[in-house]
Amino acid sequence: MIGGGGREHAIVRALAADPAVSELHAAPGNPGIGELAQLHAVSASDPADVVRLARHVSAELVVIGPEAPLVAGVADALRAAGIAVFGPDAAAARIEGSKAFAKEVMAAAGIPTAGARVASTEAEAADALKAFGAPYVVKDDALAAGKGVVVTEDFPAALAHAASCARVVIEEYLDGPEVSLFALADGRTAVPLLAAQDFKRAQDGDRGPNTGGMGAYVPLPWAPPGLADEVLATVIQPAIDELARRGTPYRGVLYAGLALTSAGVKVVEFNARFGDPETQVVLDRLATPLAGPLHAAAAGDLAAVPALSWHPGAAVTVVIAAEGYPDSPAKGDAITLKELPAGTQGYLLHAGTALARAGLVTAGGRVLSAVGSGPDLASARAAAYAVAECAEFRGGWYRRDIAERASAGR
């Protein structure tokens with residue numbers, strides 16, 4: 001497992017529960033991952049370093065979690081060394097690494113998405129903003145760890161964000177709720193997972209700045225029936241086919257961020273990896289052991305994998321963030337983890353944590369993910385917040401309204 005965040009802890013937890021997995025290694029991992037896998041001090045975005053480690057531990061499968069190693073070509077180097085890897089090559093990972101490239105792919109494949117313009121100067125950005133009007137949507141064309149997007153009614157703020165980036169994609173605003181759908185892909189075949197919804201804004205009521213995600217839940221009781229099949233047919237498979245046509249077959253997980261607009265499903269963005277924090281809830285509900293499908297995707301054999309099965313009920317995750325997140329998160333504060341209340345169906349996943357002399361401390365903006373499950377969203381939500389209350393550190397905070405409307409049937 002390459003990476004060390006909450007998403008990677010969720011993946012490692014699922015792999016550790018798979019009876020087919022005999023040994024787990026992680027680089028660099030985190031203290032929570034370290035309870036399930038042997039940790040290694042490796043630079044995740046250094047292809048040669050990752051190949052060296054994979055050879056050293058005789059890895060039969062390497063799973064790449066974050067986007068930066070993918071864009072850096074870590075998957076290319078592993079495949080060149082004859083090592084099975086779950087994650088796209090750098091050329092295919094451009095679908096996340098460049099918003100402009102993603103728009104090219106969508107246009108060529110006839111995938112429904114927002115109208116957009118690419119701007120490299122302040123004048124070009126100003127013209128595009130005026131053409132589309134408010135709300136203004138400005139996306140950094142490069143990787144920005146999930147925080148390169150500004151959606152605002154404020155023209156000067158939108159223009160300032162554009163000016164701070166080397167190149168931006170400016171889009172029309174898409175109305176309607178947003179949904180995340182992941183699909184495993186082997187270059188030809190794609191298999192969708194459960195649709196999830198995450199919460200990007202920092203504060204309750206979807207206020208405040210965009211973050212990497214403050215919580216998520218599954219299932220989506222309000223989503224139209226057949227959503228996954230529709231997205232597979234109109235979004236995922238056309239993207240996989242177009243990338244294969246270009247000679248860059250996509251092998252890994254393709255993340256489609258979608259808007260369910262009044263004019264139908266449209267793509268907000270593509271990512272080249274599992275989303276965080278949606279992975280935490282999607283994998284919580286996955287009943288099929290994880291290693292087999294991931295290896296089949298790496299080997300080009302997804303068509304032979306039996307249909308995925310899912311646990312009934314719901315899952316909710318609540319992200320516990322550090323003081324100052326997302327702008328300037330505090331680090332080095334001691335973390336106290338209390339025992340969960342008896343009967344609580346939940347657990348904590350580590351994200352921005354580290355071990356110091358004094359014990360467990362904060363080491364990132366999103367510190368922990370509290371995951372709860374239950375027969376319905378209301379019980380899963382209650383469990384997630386009960387878990388969140390068991391983690392304490394100076395300045396720690398979290399949204400109080402994750403999945404609130406959905407669990408109340410609204």
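Here are legends for three close-ups of helices in this predicted model.

**Close-up 1. Helices α7 and α8 cross at a slant.**
Let's start with α7 (residues 122–132) and α8 (residues 155–164), whose axes come within 9 Å and cross at roughly 140°. Angles over 145 degrees would count as roughly antiparallel, so α7 and α8 end up oblique to each other. The crossing of these two helices, α7 and α8, is right-handed. On the α7 side, look for Glu122, Ala125, Ala126, Leu129 and Lys130; they meet Phe155, Ala158, Leu159, Ala162 and Ala163 of α8. Sorted by class, this α7–α8 contact has 8 nonpolar residues, 2 charged ones and no polar ones.

**Close-up 2. Helices α6 and α9 meet roughly at right angles.**
Now find α6 (residues 99–109) and α9 (residues 227–245): their axes come within 9 Å and cross at roughly 100°. Crossing angles of 65 to 115 degrees count as roughly perpendicular, so that is the word for α6 and α9. From α6, the contact uses Phe101, Val105, Ala108 and Ala109, while α9 brings in Pro238, Glu242 and Leu243. The tally for α6 with α9 is 6 nonpolar, 1 charged and no polar residues.

**Close-up 3. Helix α11 and the elements it packs against.**
Which residues of α11 (residues 291–299) are buried? They are Ala291, Pro293, Leu294, Ala296, Ala297 and Ala298. The buried residues of α11 pack against one helix, α1 (6–16), and against the strands β4 (62–63), β5 (85–86), β10 (178–186) and β15 (251–261). Just after α11 comes glycine 300, with a positive phi near 75°.

Key: Residues numbered from 1 in each chain as written. Predicted model: local features only at pLDDT ≥ 70, side-chain atom pairs only at ≥ 80, totals over all residues. Heavy atoms only, no water. Axes fitted to C-alpha atoms, helices over the stretch in contact; angles between N-to-C directions. Helix = DSSP H or I, 4+ residues; strand = E, 2+ residues; numbered from the N terminus. Parallel < 35°, antiparallel > 145°, perpendicular 65-115°, else oblique. Left-handed = near helix turned anticlockwise from the far one by under 90°. Contact = heavy atoms within 4.5 Å. Nonpolar A, V, L, I, M, F, W, Y, C, P; charged D, E, K, R; others polar. Buried < 20%, exposed > 50% of the residue type's maximum accessible area, 1.4 Å probe, protein only.
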